[in-house]
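Trainee: I'm new to this one and keep tripping over the labels. Could we go through some of them together?

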Amino acid sequence: MTRVLSCIQPTGEVHLGNYLGALRVWVEGQHTKDAFHGIVDLHALTVTEVPDTVGNATLELAAMLFAIGLDPNVATVFVQSHVTEHSQLGWMMECTVSFGELSRMTQFKDKSAKREAEFVSAGLFTYPALQAADILLYDTDEVPVGEDQRQHVEITRDIALRFNHRFGDTFIVPKAVTPKAGARVMDLQDPTSKMSKTAGSDAGLVNMLDEPAEIVKKFKRAITDSDSEVRFDRANKPGITNLLEILAACTGETPDALATRYTQYGPLKADAGEAVVELLRPIQARYHELMADRSELQSLLRTGAAKARAVAAATLARAQAAVGMLPA
Ligand code: TYM
């Protein structure tokens with residue numbers, strides 16, 4: 001069975017880009033693939049400076065992952081720091097990737113530039129090595145992610161190949177998988193930038209827990225293009241293309257087919273907003289139910305961690321043996 005692994009950081013609220021680009025694909029894949037999904041709190045530490053925030057964010061994210069339909073009896077959902085092998089293999093990966101390779105990561109360049117006068121941790125720079133460990137620990141075949149994570153999966157492949165070449169066949173070389181529509185959801189106010197927790201205005205960001213009226217308003221106010229033609233054209237009509245793509249991701253139709261149905265921007269904005277509201281309505285209800293029982297959520301995460309650890313421990317041992325480290 002194909003092994004799938006993907007992860008999400010517990011930083012800020014989950015947004016529509018996360019859902020359409022990645023999470024939805026995780027849910028769809030869980031019955032046909034052997035699925036592992038991590039809440040990567042160690043990654044969140046790269047930007048965490050306030051005490052008592054990351055644990056709460058982790059629990060809320062767990063509730064959201066179960067609310068969207070990940071079934072704890074089917075998929076393995078775990079917290080990264082509960083499986084200590086991630087840190088251990090992470091270090092080995094740091095020693096297998098070069099400074100030059102890490103310097104070329106666009107996410108590091110973007111994030112460090114955005115933090116400007118703020119503290120830029122070394123972890124933000126070495127982050128892709130830990131991500132490689134996340135992936136390689138599970139003998140992963142496929143990594144379902146949004147377009148922005150492709151480069152990190154590419155570097156993981158390079159690291160795996162280098163390690164296998166140096167120390168003998170140890171790791172499966174994974175590949176990234178992105179959805180047809182929704183792989184790069186753009187900010188509604190700045191459709192040339194991806195929708196993101198850290199970038200853009202609140203008006204351009206649709207959170208999974210936004211009230212229906214707020215969602216409708218955000219779509220109504222979405223920035224569109226200067227002429228009034230509805231057509232799918234990423235380069236020249238980024239605003240309209242983004243709305244068509246979001247609507248396509250919600251309805252399962254193609255953006256091109258949808259474009260033929262609209263002659264004005266207004267109805268497209270209204271339909272896209274409504275489609276998102278309907279998509280999120282049952283998820284929001286389920287989320288609030290799940291958050292009412294925090295100890296049950298923690299218990300589900302403990303079960304997930306035990307299942308994850310069994311796989312991760314075997315892979316770490318294999319990697320250490322391949323290098324020839326002295327057993328404890
Ligand atoms: P993160 O937490 O930023 O995002 C989680 C997932 O959401 C996708 N995504 C988007 N997709 C489409 N449009 C958008 N605007 C958009 N914004 C975010 C991301 O591509 C991602 O799939 N480094 C990762 C977390 C990570 C990971 C891993 C992923 C750590 N280890 C191992 C896969 C495998 C990250 O920061 O994702």
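Mentor: Sure. Let's begin with aspartate 52, in the loop between helix H2 (41-44) and H3. Keep in mind that this is a predicted model.

Trainee: What makes aspartate 52 exposed rather than buried?

Mentor: Its relative accessibility is 77%. The label "exposed" asks for over 50%, so aspartate 52 counts as exposed. Its backbone is worth a look too: phi is near 60°, a positive value in a residue other than glycine.

Trainee: Which label does aspartate 139 get, and why?

Mentor: Aspartate 139 has a relative accessible area of 22%. Buried needs under 20% and exposed needs over 50%, so aspartate 139 is partly exposed. You'll find this residue in the loop between H7 and E4. Aspartate 139 also has a positive phi, about 50°, although it is not a glycine.

Trainee: Back to H3, then. How do you know whether its span fits what a helix should have?

Mentor: Helix H3 covers residues 54-67, which is 14 residues. The expected span is 1.5 Å times one less than the number of residues, and for H3 that is 20 Å. From first C-alpha to last, H3 reaches 20 Å, so it is close to the expectation.

Trainee: And why is H3 called mostly covered?

Mentor: Ten of its 14 residues are buried, and a residue is called buried because its relative accessible area is under 20%. Among the buried ones are Ala57, Leu61, Met64 and Phe66. After H3 comes glycine 69, with a positive phi near 120°.

Trainee: What makes isoleucine 283 buried?

Mentor: Its relative accessible area is 6%, and the cut-off is under 20%, so isoleucine 283 is buried. This residue lies in helix H12. Leaving aside neighbours within four places in sequence, isoleucine 283 is in contact with Tyr19, Met64, Ala67, Ile68 and Met208. Two of those names, Met64 and Ala67, are also on the list of buried residues in H3.

Trainee: Alanine 285 is in helix H12 too. Is alanine 285 buried or partly exposed, and why?

Mentor: Partly exposed, because its relative accessibility is 43%, and that falls between the 20% and 50% cut-offs. For a sense of distance, the C-alpha atoms of alanine 285 and methionine 186 are separated by 26 Å, with the two residues 99 places apart along the chain.

Trainee: Now asparagine 164. Why is this residue called buried?

Mentor: Asparagine 164 has a relative accessible area of 11%, which is under 20%, so the label is buried. It sits in helix H8 and touches Asp169, Thr170, Phe171 and Val173, not counting residues up to four places away in sequence.

Trainee: What makes its link to phenylalanine 171 a polar contact?

Mentor: A polar atom of the asparagine 164 side chain lies 2.9 Å from the backbone oxygen of phenylalanine 171. The limit for such a pair is 3.5 Å, and 2.9 Å is within it.

Trainee: What about the ligand: which residues come nearest to it?

Mentor: Of the 28 residues around the ligand, Tyr127, Gln131, Asp134, Asp148 and Val185 come nearest. Some pairs there fall within 3.5 Å as well. A polar side-chain atom of aspartate 148 is 2.5 Å from an oxygen atom of the ligand, and one of glutamine 131 is 2.9 Å from a ligand nitrogen. For asparagine 18, a side-chain N or O atom is 3.1 Å from an oxygen atom of the ligand.

Trainee: How much of the ligand does the protein cover?

Mentor: The protein covers 97% of the 710 Å² of accessible area that the ligand has on its own. The elements giving two or more residues to the shell are strand E1 (3-8), helix H1 (16-29) and helix H7 (122-136).

Trainee: Last one. How many disulfides are there, and by what rule?

Mentor: Zero. The rule asks for a pair of cysteine sulfur atoms within 2.5 Å, and the count by that rule comes to zero. As for the cysteines themselves, cysteine 250 counts as buried at 19% relative accessibility, whereas cysteine 95 is partly exposed, with a relative accessible area of 46%.

Key
Residues numbered from 1 in each chain as written. Predicted model: local features only at pLDDT ≥ 70, side-chain atom pairs only at ≥ 80, totals over all residues. Heavy atoms only, no water. Buried < 20%, exposed > 50% of the residue type's maximum accessible area, 1.4 Å probe, protein only. Helix = DSSP H or I, 4+ residues; strand = E, 2+ residues; numbered from the N terminus. Near = heavy atom within 4 Å. Polar contact = N/O pair within 3.5 Å; in protein donor to acceptor, adjacent residues only side chain to side chain. Areas by Shrake-Rupley, 256 points an atom, 1.4 Å probe, with all protein chains shown as cover. Contact = heavy atoms within 4.5 Å.
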